[in-house]
Amino acid sequence: MPFTPVHPGPGLLFKAIGGRHFSFMVFGGAQVLMDIEPLIGIVHGWEVLHGYTHTVPGALLIGAIAGFIGRPVSSFVLKWRRIPHYPFTWLASFLGAYVGTFSHVLLDAIMHADMSLCWPIASGNKLLGIVSIEALHLACAIAAVIGAIACAVYFKTRGRA
């Protein structure tokens, strides 16, 4: 999440809801993968920063990539860091990946005019400005607080991530 630090908020809430069936690590990795295109665009001075990767087909593709690489990478990191956890499943990996990519596209569509969410079927961005950026960030922060508290309670009673 190199550009929007509020994206993890909804992820924490989904982790609290999904528990061991949702990978917050893969969610985070999917967020980073989503923002590679805007990063390259900033470096090269592109007019449109949120292009193909910030569409429904882009979210599907990046979600698949994140889901496939997320499980082995996350399993390795958890084992290497000796973090106790439930067995890491493909379901947890793909739920984390797709919630990551689709929430990213949804949140970015509300605040970035250069998106065409439903490309190639339709152009434009009908979600732009449906709520203010301040309200969007506040909602993400509230989701983070609720999710963090729920996760802390849940995992304290079970002792695993």
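What radius of gyration would a compact globule of 161 residues have, and what does the chain have? A compact globule would come out near 15 Å, and this chain has 16 Å, which agrees. Before I go on, please keep in mind that this is a predicted model.

Okay, the overall picture. Along the principal axes, the C-alpha atoms fill a box of roughly 45 × 30 × 30 Å. The chain has six helices and zero strands, so from the N terminus you just read α-α-α-α-α-α. Buried residues make up 40% of the 161. And if you take the contacts with a separation of 6 or more, 66% of them are between residues 24 or more positions apart.

Let's start at the front of the chain. Helix α1 covers residues 8–18, and in it Pro8, Gly9, Pro10, Gly11 and Lys15 are buried. What covers them? The cover over the buried residues of α1 includes α2, α5 and α6, that last one being residues 133–158. Just after α1 you meet Gly19, with a positive phi of about 55°.

There's a nice long-distance link here too. Leu13 and Val145 are 132 residues apart along the chain, yet their C-alpha atoms are separated by 8.3 Å. Val145 lies in helix α6, and at 49% relative accessibility it counts as partly exposed.

For contrast, take Val32, which lies in helix α2, residues 24–34. Val32 and Lys156 are 124 residues apart in sequence, and C-alpha to C-alpha they are 28 Å apart in space. Val32 is partly exposed as well, at 39% relative accessibility.

Now the helix I'd like you to look at for a bit, α5. It runs over residues 90–111, so 22 residues, and reaches 32 Å from first C-alpha to last, close to the 32 Å expected at 1.5 Å a residue. How many of its residues are buried? The count is 16 of the 22, so α5 is largely enclosed by the rest of the structure.

That brings us to the core. As a general point, nonpolar side chains in soluble globular proteins tend to be buried together. Here the largest nonpolar core has seven residues: Met34, Ala59, Ile62, Val105, Ala109, Met115 and Leu117. The elements giving two or more residues to this core are α4 and α5. Take Ile62 from that list: leaving aside neighbours within four places in sequence, Ile62 is in contact with Ala30, Leu33, Met34, Thr53 and Thr101.

Another residue to click on is Thr55. You'll find Thr55 in the loop between α3, residues 36–44, and α4, residues 56–80. Is Thr55 buried or exposed? At 2% relative accessibility, Thr55 counts as buried, because the cut-off for that is under 20%. Again leaving aside neighbours within four places, Thr55 is in contact with Val105, Ser116, Leu117 and Trp119. Val105 and Leu117 are also among the core residues I just listed.

And Trp119 has something else going on. A cis peptide bond joins Trp119 and Pro120, with omega at about 5°. Pro120 is in the loop between α5 and α6.

Next, aromatics. A search of the whole structure finds nine aromatic pairs. One of them is Tyr98 with Phe102: the ring centres are 6.2 Å apart and the planes are at 35°, so the pair is tilted. Why are these two about one helical turn apart? Because Tyr98 and Phe102 are four residues apart in helix α5. Tyr98 is partly exposed, with a relative accessible area of 25%, and Phe102 is partly exposed at 31%. Ring pairs also link both of them into a cluster with Phe68, Trp90 and Phe94.

Last stop, the stretch after α4. Arg81 lies over the face of Trp80, at 5.7 Å from the ring centre. Then comes Arg82, in the loop between α4 and α5. Phi of Arg82 is near 55°, which is a positive value in a residue other than glycine. Arg82 is exposed, with a relative accessible area of 77%.

So, to pull up the views again: α5 with 16 of its 22 residues buried, the seven-residue nonpolar core, and the cis bond between Trp119 and Pro120. Happy to rotate the model for anyone.

Key:
Residues are numbered from 1 along each chain as its sequence is written. This is a predicted model: local features need pLDDT of at least 70, side-chain atom pairs count only at pLDDT 80 or more; totals for chains, interfaces and linings use all residues. Side-chain values use heavy atoms; hydrogens and water are left out. Buried means under 20% relative accessible area, exposed over 50%, partly exposed in between (1.4 Å probe, protein chains only). Contact means heavy atoms within 4.5 Å. Rings of Phe, Tyr and Trp (its six-membered ring) pair if their centres lie within 6.5 Å; planes under 30 degrees apart count as stacked, over 60 as edge-to-face and the rest as tilted. A charge sits over a ring if NZ of Lys or CZ of Arg is within 6 Å of the ring centre and within 35 degrees of the ring normal. A nonpolar core is a set of buried Ala, Val, Leu, Ile, Met, Phe, Trp, Tyr and Cys residues joined through side-chain atoms within 4.5 Å. The radius of gyration is taken over C-alpha atoms; the globule rule is 2.2 Å times the number of residues to the power 0.38.
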